[in-house]
Amino acid sequence: PEVSAPTRELAGRTVVISAGGTREPIDPVRFLGNRSSGKQGYALATVAARRGATVTLLAANTSLPAPAGVTVVPVSTALELQAAVEVAAKEADVVVMAAAVADFRPAHYADAKIKKTFGEPGSPEADAAPTIELVRNPDILAGLVESRGVGASPVIVGFAAETGDEQGDVLAHGRDKLARKGCDLLVVNEVGVDKTFGQDDNTVHILRLGSSHVVDAGPASKELVAAAVWDAVQEIL
Ligand code: CTP
Ligand code: CA
């Protein structure tokens with residue numbers, strides 16, 4: 001669709017958006033990563049800038065052009081993203097955690113490339129496979145909610161990538177997650193190998209803490225979905 005003209009709904013507001021997916025290094029050539037392209041986060045930044053906001057985009061391993069008028073800060077790991085978010089959130093009216101953050105990282109980083117054959121050729125260990133031990137990453141979103149206190153700034157928006165399973169459908173998982181995280185809005189995204197990740201279109205359900213009302217957006221371009229998210233944020237602001 002035609003890109004909408006600049007407006008001023010977010011003039012005077014400072015917003016921080018994380019986008020992309022973190023990478024957790026295993027050795028100098030390998031990492032644990034995920035399928036997030038960063039397109040939805042970039043669309044959020046584009047629309048916020050067009051509405052007059054001062055926008056910082058914390059970009060985790062993306063390869064997209066910087067949106068016009070947006071300050072892009074590159075990060076890679078969850079710990080780097082957490083440090084960058086904590087600094088940027090101090091000045092922010094809104095923080096949107098659109099990035100896919102790795103829940104775990106390797107407990108140990110190997111300084112040298114892990115080789116396929118470890119042990120003497122022909123020995124029982126030679127053909128064994130290594131085990132990568134993981135530790136939990138901090139929950140950045142939950143940390144933001146906790147350090148903000150009750151009812152204060154910034155407005156905090158989470159994203160949830162859900163597939164639905166035998167415990168419940170996508171919306172049921174979304175409601176549980178919103179209650180658990182305590183953020184103001186949760187944008188629930190249906191994911192699958194050919195759904196959402198890297199695609200230009202998206203379908204989301206926007207849930208608001210303490211309300212049973214759901215805003216459905218899409219299937220539509222990630223920019224139209226972004227516009228629906230900012231509309232919901234503006235209601236809270
Ligand atoms: N998130 C975060 N820090 C993490 C993991 C997730 O800030 N270590 C944020 C994401 O950026 C997103 C929200 O939390 O805004 C929900 O992420 P998601 O992976 O859906 O939720 P989890 O609580 O990690 O639950 P699970 O992966 O078990 O579904
Ligand atoms: Ca997760």
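# Pockets and charged pairs

Visitor: Which element gives the most to the lining of the largest pocket?

Guide: β9 does, with four residues. The model is predicted: local features need pLDDT of at least 70 and side-chain atom pairs count only at pLDDT 80 or more, while totals for chains, interfaces and linings use all residues. Residues are numbered from 1 along each chain as its sequence is written, chains are lettered from A and ligands numbered from 1 in the order in which they are written, and side-chain values use heavy atoms, with hydrogens and water left out.

Visitor: What makes β9 a strand?

Guide: Strands are DSSP runs of E with at least two residues, helices are runs of H or I with at least four, and both are numbered from the N terminus. β9 covers 155–162.

Visitor: How much space lies in the largest pocket, and what makes a residue part of a pocket's lining?

Guide: About 1000 Å³ lies there, the volume being the space filled by probe spheres set on the grid points. A pocket is an open set of points on a 1 Å grid where a 1.4 Å probe fits, with protein on both sides within 12 Å along at least five of seven lines, and a lining residue has an atom within 4 Å of a point. The lining has 41 residues, and those closest to the centre are Ala99, Ala100, Val101, Asp103 and Phe159.

Visitor: What makes Asp200 and Lys39 a salt bridge?

Guide: The term needs a side-chain nitrogen of Lys or Arg within 4 Å of a carboxyl oxygen of Asp or Glu. In this pair the N to O distance is 3.1 Å, so Asp200 and Lys39 form a salt bridge. Both residues also line the second largest pocket.

Visitor: Why is Asp200 called exposed?

Guide: Exposed means over 50% relative accessible area, buried under 20%, and partly exposed in between, with a 1.4 Å probe and protein chains only. Asp200 has 53%, so Asp200 is exposed. Lys39, at 24%, therefore counts as partly exposed.

Visitor: What does the salt bridge of Asp231 and Arg51 tie together?

Guide: Asp231 lies in helix α5 and Arg51 in the loop between α1 and β4, so the pair joins parts 180 residues apart in sequence. The N to O distance is 2.9 Å. Arg51 is at 10% and therefore counts as buried.

Visitor: How do you know that Asp93 has no salt bridge?

Guide: The nearest side chain of opposite charge, Arg13, is 4.3 Å away. That is beyond the 4 Å allowed, so no salt bridge is counted for Asp93, although Asp93 is buried.

Definitions and conventions: Lys and Arg count as positive and Asp and Glu as negative; His and the chain ends are not counted.
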